[in-house]
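Here's a quick briefing to read with the model open in your viewer. Take the confidence notes to start with, then go through the sheet, the histidine and the charged pairs.

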Amino acid sequence: MAEYRINDLAEASGVSVRNIRVYQDRGLLPAPVIRGRTGWYSDEHLVRLNLISRMLERGYTFATISELLHAAHYGMRVEQILRGTPKGGRFRNFKRAATITITELRKTLNATDRSIALSQKLGLLAKDGAHYAIRNPELLEGAETLVKAGVDIDVLLDRWVRVQDDLEDVAKSFVSIITDKYFDENLPDLGEEQVSKMAELIQTVRPMAHEIVESTFRQALDKQISVAIGEASTYFDASAVDGEPVGPAAAAAVDRDDDAGAVEAGEQTGETRTVADRTD
């Protein structure tokens, strides 16, 4: 890897020494490695300078460039920064929540050592010195909401692990559409053109599989939400006991009492009538 003194970096990038120092002061460019009394820059610094120059040419401000570069560093997507921050989204305000302390994790999420380690493994958090970088602010905010509602954070993370394992099988299934057809005894004899075509086919599967999984999951999730809401509504539709709403089991008991009362009343009048008969 090439190394540059600041004057060499300025010549290679076309950026003045003064501007290089300005970019460092504004946090756009990482500091050089100091050896002795000399600061040494790498090819990564050169690539970063070229990127900054192109973004400035396109009219981006220093503030915007800083946010986008920090977003890339912490694994966030550009659209998460550009689409705006909803009000009240503590973790969605990137400038405020680039990192979070272990104390805050334990306070806001009731996080244990296990859940913190699992969050790192799943890519929700990344160790950053004495803090943790927030890789997905929206997910962390949603997790905090669930925890405040009484849901154990480990329940959410364990479901995430389960989904991850299931999706590994789904991904393998889609890729096998190509491998089952082309990965056979003739594979070693395929020419470069055929191998290239096969690689293109596998890449074609990617957006198709993504769309199938996303749309199918959306439909399945909507269905399950409707089922859950339907089950919840039975509690409100049930009869009230002592002025309080009751659940399905209690409502069924009330219905049975009504049936028994109807039969008893019928016996007293010499008639045995069902609840349905009473509507005649």
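pLDDT is the predictor's confidence in each residue, on a scale from 0 to 100. This is a predicted model, and its chain averages a pLDDT of 75, with 73% of the residues scoring at least 70.

**Confidence**

- Residues 84–88 have a pLDDT below 50, and beyond near neighbours in sequence this stretch has four contacts in the model.
- Residues 92–97 also have a pLDDT below 50, but here the model has 17 contacts beyond near neighbours in sequence.
- A word of caution: where pLDDT is low, don't read the predicted coordinates in detail.

**The sheet**

- Three strands make up an open sheet, in the order β4-β6-β5, and the pairing is antiparallel.
- At the edges sit β4 (99–100) and β5 (125–128), each of which pairs on one side only.
- Strand β6 covers residues 131–134 and runs antiparallel to β5, with four bridges joining the two.
- If you want a residue pair to look at here, K127 stands opposite Y132 in β6.

**Around H45**

- You'll find H45 in helix α3, which spans residues 43–57.
- Is H45 buried or exposed? With a relative accessible area of 9%, H45 is buried, because the cut-off for that class is under 20%.
- A polar atom of the H45 side chain lies 3.2 Å from the backbone oxygen of P30.
- Leaving out residues up to four places away in sequence, H45 touches L9, L29, P30, A31 and P32. P30 thus turns up twice, in this list and as the owner of that backbone oxygen.

**Salt bridges**

- How many salt bridges does a search of the whole structure find? There are six, and a few of them are picked out below.
- D113 and R106 meet through their side chains, with N to O at 2.7 Å. D113 is exposed, at a relative accessible area of 55%, while R106 is partly exposed at 34%.
- R114 and D154 form another salt bridge, at 3.5 Å from N to O. R114 lies in helix α7 (residues 113–122) and D154 in helix α9 (residues 153–182), so this pair ties together parts that are 40 residues apart in sequence.
- What about solvent exposure for that pair? R114 counts as partly exposed, at 43% relative accessibility, whereas D154 is buried, with a relative accessible area of 17%.
- E214 pairs with R218, and the closest N and O atoms are 3.8 Å apart. Both residues belong to helix α10 (residues 192–237), where being four residues apart means that about one helical turn separates them.
- Each partner in that helix α10 pair counts as partly exposed: E214 has 37% relative accessibility and R218 has 43%.
- Back to R114 and D154 for a moment: salt bridges that share partners join these two and D158 into one network.

Conventions
Residues numbered from 1 in each chain as written. Predicted model: local features only at pLDDT ≥ 70, side-chain atom pairs only at ≥ 80, totals over all residues. Heavy atoms only, no water. Pairing = 2+ DSSP bridges. Buried < 20%, exposed > 50% of the residue type's maximum accessible area, 1.4 Å probe, protein only. Polar contact = N/O pair within 3.5 Å; in protein donor to acceptor, adjacent residues only side chain to side chain. Contact = heavy atoms within 4.5 Å. Salt bridge = Lys/Arg side-chain N within 4 Å of Asp/Glu carboxyl O.
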